[in-house]
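This report describes how selected parts of one protein chain are arranged. Please keep the sequence and the structure in view while reading.

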Amino acid sequence: MRFLNKKNIIIAVVILLVIAVIVWKQTSTVPKEITTALVTKGELIQSVEPSGSVKSKTEINLNFDTVGRIAKILVKVGDQVKEKQLLANLDSRNLDSAVNQASADLARAQGNLSSYLAGSTPEVIAQYEADVQKAEANLDKSKIDLNNLKASLEQNYKNAYTNQINNLQGSITPIETAMTDMDSILGLENIYANDVFDKAIINLDNSSFYFASATKSFTTSRIYLNDAKLAVNALTSNSALELIDSATLKVKMALEAVAVALSDTWTVLDKIDVSNPNNSISVSTINSSKITIDTDRASVTAKKTVVLGGEQNIASAKLNFGLEAGSSAASQVSQYEANVKISEATLKAAQAALDSKEAPPRQVDLESYRAAVQSAGASLLAAEANRSKAFIYAPVNGVITQKNNEVGESNSTAKPVLVMLADSDYEIEVNVAESDIAKVQLSQITDITLDAFGDDHIFKGKVMMVDPAETLISDVVYYKVKISIDKDESLKTGQNITDQHLKDIKSGMTASVTIFTNRKDGVLIIPERAVIAKDNKKFVRVLVDKKKQTIVEKEVQTGLRGNEGMIEIVSGLNEGEEVVTFIKS
């Protein structure tokens, strides 16, 4: 064919080569650009670097970092004191106890770690099995207590109604007695019962409305009494609660009606004219009947109180049995239910602990025990730090100028216990940022450079005061820190410092200070940017094969955060491993 000439063949070859290059670029893997750093072991320094100025020497206020009763003051005004000399202390028995407890917790955690490393003995397994059995027994008891409480509330509810039946039954007789006593005066049901009062009642009825009122209230009382008797007599221990409530209402109405009738009957007695010979009745007869009516009134009132009390007991029992929000029973049941859940959680934890002891050792468990040791160690350090707040030590060499408290008194944070004057002529005052102030403590070593002398002249000093009150600078919180210039140490370990340099220091000179807040030797160190936070854990990517660019993630525990972006690795890495700090695809 003519189209298969030399020119066409060349063009086809070129096109194929272009396609091949494109396919190769799309399918080939471009090596990643990986930045790494080695895990090294060495010294890690943490420092704060504020700036400030030289001030003329001022008095140093010394106070406890907490409030309590002063146990000892070991100096008096005029005494020369040395740096770190104990000057005073509070009663520290509670703080000592906390330190001892924290120390015991640390020993226990260390013992647990040692025991885990040694493996579980049959005795240990038996102890954990006993813990499971104890947790099971506690759970069973919690469930029984809850069921007993609910049964008790139900029984109280039933008892309240049973007691009310007795209250209602006991109310009928006083009402009937009152009705009989009133009829012996009024003669409404038994016309022969009131012969003594007959003439007087007729005369009173003809001249006033008192007898008519008593007649009406008596008749009403009889109606309510009959209703109440029918309802009460029908009650048994198995009666529906609604019937008991209905009977309670009817008895209350009968008691109220009888109380009114008794009052009206007493009024009738009071209005009879004993001076009228036509009434044929004596004062003693009237008074005797009044006493009877008063007795009935007292009896009816007492029964009203009993019935109302029973009704209130029912309402309270109903509230508790129904576990209405806010009732004491609801709170009790909630507590018992919480106890059941706590017991269930305790059993679950005990079973998990037993399973852990019976299972072969795991690395993750070993790390947990080590973390417990570290946590207990940190708690001990915190307890010791709290105890240290109860002691005052001289921050620098100097002389005591004031003593504001006596032994046995309580100190105040507003007034220093002691005041001293430092031996140095000048001090450095700097402002430390809020984010760094927690790291700064009294007597920490500092390096000081003064702009007037240059950075190659380094003085030595110590932190001698940390102001507890904040200072606002451009709406940013800072804390004033005073630093003494240590003449002797500056001459010994300072850099390019002579007596003349110390003499040439003047107030107002600008100072740059490095406060060494922490230091650890022989620890594993990596750049902090290599640490990745994920799922509340910390990981580091380790390059295990440079040629293949193979990377694995390892969980780590970090410690001290140092200068220059470096951080301590407590566990998870080994010296010499290569950690990834940056990956660019």
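Glu564 counts as exposed, because its relative accessibility is 80%. The model discussed here is a predicted one. Glu564 belongs to the loop between strand 19 (557-561) and strand 20 (566-571). The phi angle of Glu564 is near 55 degrees, which is a positive value in a residue other than glycine.

Asp535 can be described in similar terms. Its place is the loop between strand 16 (531-534) and strand 17 (537-545). Although Asp535 is not a glycine, it has a positive phi of about 55 degrees. With a relative accessibility of 69%, Asp535 counts as exposed.

A further residue to locate is Ile11, which is placed in helix 1 (residues 6-27). Is Ile11 exposed or only partly exposed? Its relative accessibility is 43%, so Ile11 counts as partly exposed. Between the C-alpha atoms of Ile11 and Thr446 there is a separation of 78 Å, and the two residues are 435 residues apart along the chain.

**Packing of the helices**

Two packed helices are described by the angle between their axes and the distance between the axes. Both values are available for two helix pairs, listed in the following table.

| Helix pair | Angle between axes | Distance between axes |
|---|---|---|
| Helix 3 (residues 122-186) and helix 6 (residues 241-271) | about 25 degrees | 9 Å |
| Helix 6 and helix 7 | roughly 160 degrees | within 9 Å |

For the pair in the upper row, helix 3 packs against helix 6 at an angle of about 25 degrees. That angle makes helix 3 roughly parallel to helix 6, because angles under 35 degrees count as roughly parallel. The crossing in which helix 3 passes helix 6 is left-handed. In the contact of helix 3 with helix 6 there are 20 nonpolar residues, four polar residues and one charged residue.

How are helix 6 and helix 7 oriented to each other? Their axes cross at roughly 160 degrees. Helix 6 and helix 7 are therefore roughly antiparallel, since angles over 145 degrees count as such. Helix 6 also passes helix 7 in a left-handed crossing. The contact of helix 6 with helix 7 is made up of 12 nonpolar, four polar and 12 charged residues.

**The nonpolar core**

In soluble globular proteins, nonpolar side chains tend to be buried together. In this model, the largest nonpolar core has 42 residues. Which residues have the most contacts inside this core? They are Met182, Phe197, Val258 and Ile272. At least two core residues are supplied by each of helix 3, helix 4 (198-207), helix 5 (210-233), helix 6 and helix 7 (283-321). Helix 3 provides the largest share of the core, namely 12 residues.

**A sheet of three strands**

Strands of a sheet pair through backbone hydrogen bonds, either parallel or antiparallel. One open sheet contains three strands in the order 5-7-8, and their pairing is antiparallel. Strand 5 (70-73) and strand 8 (391-393) stand at the edges; each has a single partner strand, so one side of each is left without a neighbour in the sheet. Direction ignored, neighbouring strands of this sheet are turned by 15 degrees against each other on average.

Strand 7 (residues 86-90) pairs with strand 8 over three bridges in the antiparallel sense. Strand 5 and strand 7 are likewise antiparallel, and three bridges join them. Where do individual residues meet across these strands? Leu86 stands opposite Tyr393 in strand 8. Ala88 in strand 7 is the bridge partner of Ile73, and Ala88 also stands opposite Ile392 in strand 8. Strand 7 is mostly covered, as four of its five residues are buried.

**A sheet of four strands**

Another open sheet has four strands in the order 4-10-9-6, with antiparallel pairing. Which strands stand at its edges? They are strand 4 (59-62) and strand 6 (80-81), each with a single partner strand, so one side of each has no neighbour in the sheet. Strand 6 and strand 9 (residues 398-403) run antiparallel and are joined by two bridges. Within this pairing, Gln80 has Val399 in strand 9 as its bridge partner.

Note on methods: Residues numbered from 1 in each chain as written. Predicted model: local features only at pLDDT ≥ 70, side-chain atom pairs only at ≥ 80, totals over all residues. Heavy atoms only, no water. Axes fitted to C-alpha atoms, helices over the stretch in contact; angles between N-to-C directions. Parallel < 35°, antiparallel > 145°, perpendicular 65-115°, else oblique. Left-handed = near helix turned anticlockwise from the far one by under 90°. Nonpolar A, V, L, I, M, F, W, Y, C, P; charged D, E, K, R; others polar. Pairing = 2+ DSSP bridges. Core = buried A, V, L, I, M, F, W, Y, C linked by side-chain atoms within 4.5 Å. Buried < 20%, exposed > 50% of the residue type's maximum accessible area, 1.4 Å probe, protein only.
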